[in-house]
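This report looks at the domains of a protein, at its pockets and at one annotated residue. Please keep the structure in view while reading.

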Amino acid sequence: MTDQTLKTTVLNAAHRALGARMVGFGGYDMPVQYEGVLAEHRWTREHAGLFDVSHMGQCKITGADAIAQFERFVPGDYAALKAGRQKYSLLLNEDGGIIDDLMAGKPDHDGLYVVVNAGNKDEDFAFWRAHLSGDATLTVLDDRALIAIQGPEAAEVMIAHEPVLAEFGFMDCARLMLFGVDCFVSRSGYTGEDGYEISVPAAEAERVWNTILEDARVKPIGLGARDSLRLEAGLPLHGHDIDATTSPVEGSLTFALSKSRMEAADFNGAARILKERAEGPARVRVGLSVKEGAPAREGAEIADANGTVIGTVTSGGPSPTLGRNIAMGYVPPSHAALGTDLQVIVRGRAAAAEVIDTPFVAQRYFRKPKV
């Protein structure tokens with residue numbers, strides 16, 4: 001896709017003014033870095049990073065049948081989800097493959113607010129338009145921008161603007177007035193750090209972005225560091241680590257399978273998922289520590305200790321936090337146990353690797369004590 005055909009977010013001029021290096025991603029002209037991926041990664045882990053994620057798709061699904069219709073295509077229990085909460089889920093095709101991964105929640109008393117991936121949003125919206133029935137309406141919120149602030153100082157920064165945000169725990173969400181405008185806010189993100197995602201009217205996005213950046217604890221962060229942060233957190237990237245052929249069981253995403261929904265088995269792909277839960281999948285996503293040589297990146301082959309190719313790396317690179325190379329990929333369950341010695345083939349050379357637990361770097365979400 002050429003620069004002439006790339007879409008832009010409403011913050012494009014702001015990124016350029018900050019000296020960002022721009023690249024095409026998900027069909028959009030996006031900042032890959034400002035001062036450098038390594039510096040931005042470390043700043044987010046130590047302070048607070050600000051991300052433009054306005055390329056992602058935002059929508060509402062409303063109506064008396066909204067929850068029941070949405071649940072036909074996801075394995076999460078949204079009927080039981082309390083107001084002011086959101087959860088991660090998976091949009092599934094009839095074969096149980098992952099069309100997209102998403103966040104959906106109840107920030108107000110008007111159905112569901114849903115965020116989907118940029119590269120899949122047109123397909124997702126078309127899917128819902130074709131399949132939602134009864135009193136369930138999809139409204140695409142293309143008049144909104146989406147900003148994420150992540151890092152150990154993110155909460156302090158945002159609480160200075162709105163004290164009520166201190167009351168949010170991980171995955172809490174609300175529709176509220178913030179920076180003088182109507183926002184959807186959740187305490188969530190995709191870096192493994194504490195933080196918030198803020199949906200703002202597009203016309204106000206640059207003002208809000210610049211206002212948050214006035215705090216010396218905050219720096220703008222590009223997609224390069226966003227990718228290395230989510231890799232350290234062991235979080236999958238759709239189109240790479242998971243796709244329409246991958247089941248939630250294969251993708252090691254069984255936490256997204258609600259017990260009540262599994263018992264009812266009334267969603268797309270339930271038969272395959274139940275079978276894989278009972279009998280085991282053909283492949284499973286694992287974390288790898290690459291012990292020598294160059295980073296094993298997407299597409300690198302994974303071999304057993306004898307050199308027989310058994311799988312493929314789907315994400316990989318240096319971990320700035322750990323100071324070593326890490327990767328995720330798929331192997332047969334027989335080779336997925338923690339501590340299993342494997343090899344990765346990088347530029348024709350075998351390098352020692354070991355199956356290790358994910359997240360690679362401990363997630364630091366803020367969870368409220370249960371009362």
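Two domains are assigned in the protein: domain 1 (7–56 + 142–233) and domain 2 (284–361). The model is a predicted one. Taken over C-alpha atoms, the centres of domain 1 and domain 2 are separated by 31 Å. Eight residues from domain 1 and twelve residues from domain 2 take part in the contact.

**Pockets**

The two pockets below are described by volume and by the classes of their lining residues.

| Pocket | Volume | Nonpolar residues | Polar residues | Charged residues |
|---|---|---|---|---|
| Largest pocket | about 990 Å³ | 21 nonpolar | ten polar | seven charged |
| Second largest pocket | about 560 Å³ | 14 nonpolar | eleven polar | five charged |

Where does the largest pocket lie with respect to domain 1 and domain 2? Both domain 1 and domain 2 give residues to its lining, so the largest pocket lies between them.

The volume of the largest pocket is about 990 Å³. Its lining is made up of 38 residues, and those closest to the centre of the pocket are F170, M171, F255, Y365 and R367. Three elements give two or more residues to this lining: β5 (86–92), β14 (284–290) and β19 (349–356).

The second largest pocket has 30 lining residues. Nearest its centre lie F25, M56, N117, R226 and L237. At least two residues of this lining come from each of β1 (21–25), β6 (98–105), β7 (112–116) and α7 (223–232). Which element supplies the largest share of the lining of the second largest pocket? That element is α7, with five residues.

**An annotated residue**

One residue, E197, is covered by the annotation "binding site" in UniProt, in an unreviewed entry. In the model, E197 is part of strand β12, which runs over residues 195–201.

Is E197 buried or exposed? The relative accessible area of E197 is 13%. A residue counts as buried when this value is under 20%, so E197 is buried.

What does E197 touch, if residues up to four places away in sequence are not counted? Its contacts are L146, I147, A148, F184, V185, S186, S188 and G189.

Note on methods: Residues numbered from 1 in each chain as written. Predicted model: local features only at pLDDT ≥ 70, side-chain atom pairs only at ≥ 80, totals over all residues. Heavy atoms only, no water. 1 Å grid on protein atoms, 1.4 Å probe; cavity = no way out; pocket = protein on both sides within 12 Å on 5 of 7 lines; lining within 4 Å. Points joined across faces, edges and corners; volume = space filled by probe spheres on them. Helix = DSSP H or I, 4+ residues; strand = E, 2+ residues; numbered from the N terminus. Nonpolar A, V, L, I, M, F, W, Y, C, P; charged D, E, K, R; others polar. Domains from an automatic or database assignment. UniProt positions renumbered as here; feature names shortened; annotations may be inferred. Buried < 20%, exposed > 50% of the residue type's maximum accessible area, 1.4 Å probe, protein only. Contact = heavy atoms within 4.5 Å.
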